[in-house]
Amino acid sequence: MGAVVYAEDDVKATGDEKIALITMDSIDQHWITLNEGAQEEAKELGVTVDFMSPNTKDDAQQIECVNNAVAGGYDAIMVAANGPDAISSALQEAKDQDVKIIYVDSPANVDAEATFSTDNKAAGKTAGEEMKKALEAAGVTSGKIGVINVNAATDSCVNREEGFREAFDGSDFEIMETQYGEGDAAKSQSIAENYITQGVVGIFGCNEGSTTGAGNAIKASGNTDIIGVGFDKSDAILNLIDDGYLLCTMAQNPDVMGSEGVKAAVRAIGGEDLGGEVTDTGVSVLTKDSDK
């Protein structure tokens with residue numbers, strides 16, 4: 001991935017800017033880190049960022065957060081859309097009332113001032129290539145591979161899966177039908193256990209909960225020949241990698257999404273046209289040997 005180019009650092013804030021940060025939930029370490037990056041930047045610029053996320057991934061709750069932000073007189077909303085279709089009309093209404101929209105991590109279907117996210121398809125393909133390499137190194141050139149995703153709507157995760165599947169195009173591996181675990185580690189573990197009984201050689205988790213579930217299932221099965229690859233960085237995932245139950249994870253940079261999102265929001269509130277630019281915030285492959 002090329003060098004990441006960020007907005008200029010000459011952001012001028014008046015200090016009156018009110019920004020709402022609405023992520024998919026308030027529990028995943030990914031969103032907590034994104035909020036930390038946003039709060040750090042807010043402090044730096046002297047603006048207010050309120051973390052107003054639902055406690056669980058739920059379209060209705062996320063829409064309610066958007067409506068609350070509009071009613072609360074926020075100047076900008078930084079949002080990671082859980083279901084891009086579901087939330088779009090609420091975001092359009094916010095935009096119609098001159099609330100600036102900035103996407104972090106996962107966009108919806110309404111034009112935003114700017115987007116800061118991982119190039120999810122490219123990162124998914126990298127995950128697939130890492131798994132394929134590890135399987136081939138172990139002398140495995142065919143077999144079934146399971147995919148655990150969050151749902152069929154979340155844009156970021158759908159693109160990761162697409163990239164992952166692409167990595168196996170033309171190979172003798174069979175990518176099985178995707179199963180959805182709503183990003184919940186326990187549900188994802190049950191799905192992974194089911195895949196394991198079907199004799200898979202690898203399992204891909206599309207987000208934090210999916211990956212934790214896959215690693216826990218491989219650990220419970222005692223079969224460390226199964227190659228587990230996933231997304232996001234949490235203590236649980238890093239421990240599973242260190243203990244040999246997951247090969248690697250695609251670590252995003254949510255703190256960068258948060259800090260750059262705040263800068264962009266302040267610039268947009270100040271009347272600057274950001275042209276709807278999409279910035280790739282990059283990804284690193286974390287393995288047992290990488291410096292985490």
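Helices here are DSSP runs of at least four residues, numbered from the N terminus. With that naming in hand, the cavity of this predicted model can be described. Helix H5 gives the most to the lining of the largest cavity, putting in 3 residues.

How many cavities of 30 Å³ or more does the structure hold? The count comes to 1, and the space inside the largest cavity is about 100 Å³. Two or more lining residues come from each of helix H1 (29-45) and helix H5 (155-167). In total, 15 residues line the largest cavity. Those nearest its centre are Met24, Trp31, Arg160, Asn207 and Asp232. As for chemistry, the lining of the largest cavity is a mix: 6 of its residues are charged, 5 are polar and 4 are nonpolar.

Now for a single residue, Ser53. Ser53 sits in the loop that runs between strand E2 (48-51) and helix H2 (59-71). Is Ser53 buried or exposed? Its relative accessible area is 16%, and since buried means under 20%, Ser53 counts as buried. The side chain of Ser53 also has a partner on the backbone: it reaches the nitrogen of Thr23 at 2.8 Å. Thr23 turns up again among the contacts of Ser53. With neighbours within four places in sequence set aside, Ser53 is in contact with Leu21, Ile22, Thr23, Asp25, Ser26 and Cys65.

Technical notes. Residues are numbered from 1 along each chain as its sequence is written. This is a predicted model: local features need pLDDT of at least 70, side-chain atom pairs count only at pLDDT 80 or more; totals for chains, interfaces and linings use all residues. Side-chain values use heavy atoms; hydrogens and water are left out. Buried means under 20% relative accessible area, exposed over 50%, partly exposed in between (1.4 Å probe, protein chains only). A polar contact is a pair of N or O atoms within 3.5 Å; within protein, one must be able to donate a hydrogen and the other to accept it, and residues adjacent in sequence count only if both atoms are side-chain atoms. Contact means heavy atoms within 4.5 Å. On a 1 Å grid over the protein atoms alone, a cavity is a set of points where a 1.4 Å probe fits but cannot get out, and a pocket is an open set with protein on both sides within 12 Å along at least five of seven lines; lining residues have an atom within 4 Å of a point. Grid points are joined across faces, edges and corners, and a volume is the space filled by probe spheres set on the points. Ala, Val, Leu, Ile, Met, Phe, Trp, Tyr, Cys and Pro count as nonpolar, Asp, Glu, Lys and Arg as charged, and the others, Gly among them, as polar.
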